[in-house]
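Visitor: Could you take a close look at one part of this model for me, namely the interior and what lines up around it? I'd like one connected tour rather than a list.

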Amino acid sequence: GSEQCASIQAGVGTGPDSTVELTAGTCDEEVSVDVPNVTITGQGDETVVNGSIALDATDAHLSDVRIESDVGDVFPNPAASNNAINVAGSDVTVSDVTVDLSVESAEFSEGLAIEVFGSDASATITNATIDGTGEMTADGLTAVVGVSADNGAAATVRDSDIDVASDGYSFAVVAREGATTDVRYNELSASGGEFDGVGFGVEGDNPAAQTVRFNTFDGVDTIENKAGSGELDVTGNYWTNLTDVEFLTDADTFDESQKGGEITYAPFLTVEPDEVDAESLDETTQFGHDLVVPADGTPHSVAFPA
């Protein structure tokens, strides 16, 4: 109840190098960490925060909490009111958290479960469970994002389960302006309505800075590269239904300048990532190729590794 809520921000306010241990319970609070080396830890799904948590200082650590956020008519980002977890600090860790994000809007609103924002921001996200839904109540555009890295931020996403769906559009993971991401061993699902659900997308200018490997893409509409040029490499991932995935290098977007570069997705894994018997992609033979031959009458020679 309220006593626990008061203790979160009060505990954070005791100064740097502190640990705030949360008991089971539910509270409504917008928590902000702005002093270094603060740890907030709870009792897993038994510790529920209805609101948001901002990790804006170096060496902030958040673990074992459940965050439930309802988002209304708010835009643009970043804003604590439309992100469940906001990261602006460096060397931040977020582990073993559950985020339930619901976006319901009559305007242009984009809700983010976790946003890493700013050139000084860096975060490692592990064992997160993210569930996001978006509903449009009028002619606006409602969107749901699992993890967004933006404005020069760096984000590592590992061993997490991200499932987002919206009447508008959705991203499981997106790398925006100047961001660097390392996305491996995750379960990623995204579905959209008016626009596509994007399993992984690049909306910034550096697709080559993204590492996307050994993920399971389950029920995604598209993979997008909206950078003006450059290649997005998503080889070595597992697709539960590759035939349903569109690889958009010429994305349907509001801004013609966002028409994209290339995407390489083959070879792809033919077994689930946890079944791969190799230390690196180069060492495994457990992959297949998707061969598309243009029906233009031109002879093609195709070779596969033995």
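Guide: What follows goes from the overall layout to the interior and then to its rings.

Before we dive in, keep in mind that this is a predicted model, where local features need pLDDT of at least 70 and side-chain atom pairs count only at pLDDT 80 or more, while totals for chains, interfaces and linings use all residues. Residues are numbered from 1 along each chain as its sequence is written, and side-chain values use heavy atoms, with hydrogens and water left out.

The protein chain holds one helix and 28 strands; these are DSSP runs numbered from the N terminus, helices being H or I over at least four residues and strands E over at least two. Of its 306 residues, 50% are buried, where buried means under 20% relative accessible area, exposed means over 50% and partly exposed is in between (1.4 Å probe, protein chains only). Take the contacts between residues at least 6 apart in sequence: 63% of them join residues at least 24 apart. A contact here is heavy atoms within 4.5 Å.

Now the strands. Eight of them make an open sheet with parallel pairing, in the order S1-S3-S5-S8-S11-S14-S17-S20. S1 (18–21) and S20 (210–213) stand at the edges with a single partner strand each, so one side of each has no neighbour in the sheet. On average, neighbouring strands of this sheet are turned by 10° against each other, direction ignored; the axes behind that angle are lines fitted to C-alpha atoms (for helices, over the stretch in contact), and angles run from 0 to 180 degrees between N-to-C directions. Zoom in on S3 (residues 38–41) and S5 (residues 61–63), and you get parallel pairing over three bridges, with Thr39 matched to His61 in S5. For strands to count as paired, DSSP has to find at least two bridges between them.

Just past S5, in the loop leading to S6 (66–71), is Asp64. At 27% relative accessibility, Asp64 counts as partly exposed. Its C-alpha is 5.6 Å from that of Gln43, although the two are 21 residues apart in sequence. Setting aside residues up to four places away, Asp64 touches several others, including Thr41, Thr47, Ser95 and Val97.

On to the core itself. In soluble globular proteins, nonpolar side chains tend to be buried together. Here the largest nonpolar core has 65 residues, and those with the most contacts inside it are Leu55, Leu62, Ile85, Phe200, Ile223 and Trp239. A nonpolar core is a set of buried Ala, Val, Leu, Ile, Met, Phe, Trp, Tyr and Cys residues joined through side-chain atoms within 4.5 Å. Ile85 belongs to strand S7 (residues 83–87) and is buried at 0% relative accessible area. Beyond four places in sequence, Ile85 is in contact with Leu55, Leu62, Val97 and Glu115, among others. Glu115 is 30 residues along the chain from Ile85, yet their C-alpha atoms are separated by 6.4 Å. Ile223, with the same four-place exclusion, touches residues that include Phe200, Phe217, Trp239 and Phe247. There is also a second, separate core of nine residues, with Leu112, Met136, Leu141 and Val145 among them.

S16 (residues 169–175) is mostly covered, with seven of its seven residues buried. S13 (residues 142–150) runs parallel to S16 over six bridges, and Val144 stands opposite Ser170. S16 also pairs in the parallel sense with S19 (residues 197–202) over five bridges, where Ser170 has Gly197 as its bridge partner.

Finally, the rings. The whole structure has five aromatic pairs. Tyr169 and Phe171 form an edge-to-face one, 6.0 Å centre to centre with 80° between the planes. Rings of Phe, Tyr and Trp (its six-membered ring) pair if their centres lie within 6.5 Å, and planes under 30 degrees apart are stacked, over 60 edge-to-face and the rest tilted. Tyr169 is buried at 11%, Phe171 at 3%. Phe247 and Tyr265 are stacked instead, at 3.8 Å and 5°. Phe247 is in S25 (residues 246–248) and Tyr265 in the loop between S26 (262–264) and S27 (268–269), so this pair ties together parts 18 residues apart in sequence. Both Phe247 and Tyr265 are buried, and ring pairs link them with Phe217 and Trp239 into a cluster. Back at Phe171, the charged end of Arg176 sits over the ring, 5.5 Å from its centre; that label needs NZ of Lys or CZ of Arg within 6 Å of the ring centre and within 35 degrees of the ring normal.
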